Amino acid sequence: MTPDNIASAPQNCGKCGLCLSVCPVYQILKEEQASPRARLQLIKAFETNTLESSFLLKEIISNCLMCGACARICPSGINHYEKFMDMREKMAAALGDTPAIKGLIFLLAREYRLRAGAKMAGVGQQLTPEFLKKKYRLGQIPISCLPQLNPAPFRQTLPEKIRPKSGKPLRGKLVYFSGCATNYMFEDTGRASVKILKDLGYEVIIPRDQTCCAIPLLYHGAGSKARKNIITNIRALACHDYDHIIVDCTTCGAALKDEYPLYIQRLNKEGIDKGDTLSAQAQTISEKTMDILSFLSKFNLKYDPPPPKISRGVYHAPCHSRNSFNSHPRVQDLLRHLPNLEYVPTAEEDLCCGGGGTFFYEHPKTAQKIMEQKQAQITHTNADLWLTDCPVCRLNLQGNLPLDSQTKIIHPVTLICQAMARETP
Ligand code: SF4
Ligand code: SF4
């Protein structure tokens with residue numbers, strides 16, 4: 001066992017219960033079997049052959065948002081995240097998965113399939129009558145509340161290399177990993193991010209051959225299918241010269257920063273990839289990956305005076321932003337200084353929203369209860385904006401708002417871009 005594995009071993013759990021205090025699923029269900037420590041004990045029993053795989057065991061293991069809060073607080077240093085991911089793979093191998101999840105894995109495992117799927121879904125969105133969109137749901141989310149897909153994939157609408165704004169001295173080179181959500185759904189985030197980075201004087205490279213970060217595949221136990229995506233992305237990023245890799249989705253960021261080096265290490269141990277090159281490249285990628293809000297917080301951004309109408313906004317801190325990038329205080333600071341925003345801090349803005357990749361679809365009742373807690377926090381604020389830097393959280397927050405709600409959900413970079421645009425019309 002390596003020191004990493006020793007720390008991850010479920011037998012290190014002292015059953016102190018600290019992880020229960022931060023687990024959003026346990027907080028709702030209040031059942032021991034929904035707790036992180038119970039999952040660890042079940043995994044231990046499975047690994048020591050005292051418990052067999054079963055659909056109940058698979059269900060208990062999957063009833064987790066993979067938010068990482070338990071691993072962050074655990075005094076025994078257990079890496080729950082890694083244990084849960086590994087167990088999901090074992091459960092999927094033993095028991096298979098639902099047709100919907102198999103379909104999702106099939107699409108995400110090849111970029112051309114995803115592109116074709118997004119195109120067909122876009123046409124479907126245009127043709128589906130409004131009454132059907134209101135009737136059918138994805139989890140608890142009415143189809144009518146899902147965002148309109150981009151007319152064309154975001155990456156296809158821009159050159160691979162974007163020069164810094166003219167007249168600005170070259171500050172450096174950045175690679176922008178745009179992820180699936182920005183590429184197919186939230187191009188507004190991508191455009192704002194590129195404009196800000198360009199205006200700051202950076203050359204921005206958006207590698208053409210990047211693909212899904214593979215986190216959804218890993219979450220659903222499709223570790224072997226994730227291999228092609230991970231190696232494609234490592235090669236796509238490594239062939240450029242850059243100072244940092246910028247992500248606008250911290251789940252993609254967590255993949256690049258935390259998962260890729262571990263995954264390649266595992267391939268090496270299993271003798272599947274014995275070369276050092278991928279390991280070294282994955283390590284460099286990990287060290288250079290930054291979420292865009294943390295990156296922007298390093299600058300003393302200059303804004304013009306605010307417009308007459310200021311937005312009133314609350315913030316939702318996504319789990320990966322907090323647990324992988326620890327960016328919450330930096331984002332709060334950015335928001336406090338934005339001239340076009342009256343930022344209203346709310347209690348527990350760092351509480352998970354219940355989105356968790358496909359958790360909102362697979363466990364809609366629990367997800368809805370978690371969401372109700374979030375909504376209760378903002379009802380008194382009269383906010384017209386709910387800001388968040390994770391696309392799944394954005395989709396989940398938007399999808400659970402009342403149909404007549406005037407609150408808009410956007411990525412904070414949109415507001416930053418608007419404030420900077422006034423500075424340089
Ligand atoms: S915080 Fe860690 S040591 Fe404590 S019960 Fe949870 S898993 Fe076990
Ligand atoms: S990852 Fe999050 S949801 Fe899953 S057990 Fe840990 S705290 Fe609970």
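1. A residue counts as near a molecule if one of its heavy atoms lies within 4 Å of it. In this predicted model, 13 residues surround ligand 1, and those that come nearest are Cys13, Cys16, Cys19, Cys74 and His80. Sorted by class, the shell around ligand 1 holds seven nonpolar, four polar and two charged residues.

2. The shell around ligand 2 consists of Cys23, Pro24, Val25, Pro36, Arg39, Cys64, Leu65, Met66, Cys67, Gly68, Cys70 and Phe84. Two elements, α2 (24-29) and α3 (36-47), each give two or more residues to this shell. Its division by class is ten nonpolar, one polar and one charged, and a reader who wonders about the cysteines should note that Cys is counted as nonpolar in this scheme.

3. On confidence, the protein chain has an average pLDDT of 90, and 96% of the residues score at least 70. The lowest mean in the chain, 49, belongs to helix α1 (residues 3-8), whereas the highest, 98, belongs to strand β6 (residues 244-247). Residues 1-6 have a pLDDT below 50, and this stretch makes five contacts in the model beyond its near neighbours in sequence. Where pLDDT is low, the predicted coordinates should not be read in detail.

4. Turning to helix packing, helix α13 (residues 223-238) and helix α15 (residues 277-288) pack with their axes 10 Å apart and at an angle of about 70°. That angle makes α13 roughly perpendicular to α15, because angles of 65 to 115 degrees are placed in that category. From α13, the residues Ile231, Ile234, Arg235, Leu237 and Ala238 take part in the contact, and they meet Leu278, Gln281, Ala282 and Ile285 of α15. The contact of α13 with α15 comprises seven nonpolar residues, one polar residue and one charged residue.

5. Aromatic contacts deserve a separate point, since the count under the ring-centre rule comes to five aromatic pairs. One of them joins Tyr202 and Phe295 in an edge-to-face arrangement, with 5.5 Å centre to centre and 65° between the planes; the label follows because planes over 60 degrees apart count as edge-to-face. Tyr202 belongs to strand β5 (residues 202-205) and Phe295 to helix α16 (residues 292-296), so this pair ties together parts that are 93 residues apart in sequence.

How values were computed:
Residues numbered from 1 in each chain as written. Chains lettered and ligands numbered in written order. Predicted model: local features only at pLDDT ≥ 70, side-chain atom pairs only at ≥ 80, totals over all residues. Heavy atoms only, no water. Axes fitted to C-alpha atoms, helices over the stretch in contact; angles between N-to-C directions. Helix = DSSP H or I, 4+ residues; strand = E, 2+ residues; numbered from the N terminus. Parallel < 35°, antiparallel > 145°, perpendicular 65-115°, else oblique. Contact = heavy atoms within 4.5 Å. pLDDT = per-residue confidence, 0-100. Phe/Tyr/Trp six-rings, centres within 6.5 Å; stacked < 30°, edge-to-face > 60°.
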